[in-house]
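Please load the model in your viewer and keep the selection panel at hand, since this tour moves from one selection to the next.

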Amino acid sequence: MSLSSPVIGYTLGDQAGIGLEIIQKALPLLPAGAEYRLIGERIACTPGEPTPATARAAWDHLELAAEALREGRIDAVVTAPVCKEGLHRLGFPFPGQTEFFADRLGVSDFAMCLTGQRLTVVPVTTHVALADVPRLLRREELVRIGALTARFLRRTGHELPRIALAGLNPHNGEGGAFGDEESRLIAPAAEELRRLHPEAQFSGPCVPDCVYRDALNGLYDAVLAPYHDQALIALKLVDFETAVNATIGLPRLRVSPDHGTAFNIAGKGLANPSSTVRAFELALRSVAL
């Protein structure tokens with residue numbers, strides 16, 4: 001954290017999208033007492049028409065943001081949406097911004113966390129085919145990401161985080177009748193997390209069709225989900241306008257609104273800044289505590 005006011009950097013993403021608009025709408029709504037610093041510069045482009053130049057600027061500005069984080073010139077960064085397709089055409093070697101920032105900051109122990117006003121979820125496996133999830137779900141990963149989640153929650157104001165490990169199969173597999181991942185992987189992971197991390201409370205395996213309702217009702221601060229859509233369907237149902245994507249495990253937080261470039265509405269004044277506002281607020285909270 002800065003010795004004086006926190007410095008929160010931000011990028012404009014692919015500037016043919018809605019990044020500039022949501023940033024401009026968000027900045028007047030942010031708390032005073034912090035410096036909000038643009039990383040990179042505006043470029044000339046046509047709203048709704050992404051080009052190699054807009055993708056290149058987005059990539060260049062991510063590099064500048066990572067450098068500023070690494071050197072401690074900013075305390076956290078909010079990154080506006082980029083177009084992965086455009087980046088990959090230029091040779092961007094990462095699946096997304098999560099992996100990019102982890103690489104540039106030299107971090108191997110990281111994860112993707114999605115958090116809104118009412119619900120926080122952390123998928124243990126992310127962008128993979130559903131058929132591959134049982135093969136990729138491992139006790140070690142559950143323990144690793146559970147520990148990251150506890151650290152992130154403490155960093156953002158939860159003194160004793162309460163984290164639920166959701167089951168993979170309907171009804172937690174009905175005692176092994178249709179799946180044993182709960183008894184073979186998730187229960188041992190929850191037990192190990194409780195032993196290793198008494199600074200948090202871990203529950204599970206929790207029945208997946210009930211655990212998100214329980215979290216909404218205040219029983220848990222976050223839910224670890226075995227796969228991407230189990231987590232994201234619940235989150236987007238209740239927090240679609242306010243959800244943000246945070247890379248947890250970094251020495252300084254990187255967070256972005258949990259939506260895309262929305263080229264179809266760029267330049268029309270229709271973009272909702274709620275997720276961007278929350279991203280800035282989370283960034284501030286991560287350095288103010």
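The stops below cover a strand residue, a helix with its surroundings, and a set of salt bridges.

The coordinates belong to a predicted model, and every value quoted along the way should be read with that in mind.

**A residue in a strand.** Begin by selecting glutamate 35, which lies in strand β2, spanning residues 35–38. With a relative accessibility of 36%, glutamate 35 counts as partly exposed. Which residues does glutamate 35 touch, once its neighbours within four places in sequence are set aside? Display Pro6, Val7 and Ile8, for these are the residues in contact with glutamate 35 on that basis. If you then draw a distance from the C-alpha atom of glutamate 35 to that of leucine 160, a residue 125 places away along the chain, the viewer should show a separation of 30 Å.

**A helix and what covers it.** Next, select helix α8, residues 208–216, and colour Pro208, Val211, Tyr212 and Ala215, which are the buried residues of this helix. Looking down the axis of α8, you will find these buried residues within an arc of 95°, so they line one face of the helix. The spacing has a general background: an α-helix has 3.6 residues a turn, so residues three or four places apart point the same way. Turn to the other side of α8, where Asp209 and Arg213 are exposed. To see what covers the buried residues of α8, add the strands β5 (120–123), β6 (162–166), β7 (201–206) and β8 (222–225) together with helix α9 (228–239), all of which are included in that cover. Before leaving this region, step just past the end of α8 to glycine 218, which takes a positive phi of about 95°.

**Salt bridges.** The model holds 15 salt bridges by the rule applied here, and three of them are visited below. Select aspartate 132 and arginine 135, whose closest N and O atoms are 3.6 Å apart in a salt bridge; aspartate 132 is partly exposed at 28% relative accessible area, whereas arginine 135, at 59%, counts as exposed. Move on to arginine 104 and aspartate 103, which form a salt bridge with the closest N and O atoms 2.6 Å apart. Arginine 104 is partly exposed at 25% relative accessibility, and aspartate 103 is partly exposed at 42%. The side chains of arginine 139 and glutamate 140 also meet in a salt bridge, at 3.3 Å from N to O. As a last selection, show Glu63 together with Asp103 and Arg104, which salt bridges with shared partners join into one network.

Note on methods
Residues are numbered from 1 along each chain as its sequence is written. This is a predicted model: local features need pLDDT of at least 70, side-chain atom pairs count only at pLDDT 80 or more; totals for chains, interfaces and linings use all residues. Side-chain values use heavy atoms; hydrogens and water are left out. Helices (H or I, at least four residues) and strands (E, at least two) are DSSP runs, numbered from the N terminus. Buried means under 20% relative accessible area, exposed over 50%, partly exposed in between (1.4 Å probe, protein chains only). Contact means heavy atoms within 4.5 Å. The arc is that of the directions from the helix axis to the C-beta atoms. A salt bridge is a side-chain nitrogen of Lys or Arg within 4 Å of a carboxyl oxygen of Asp or Glu.
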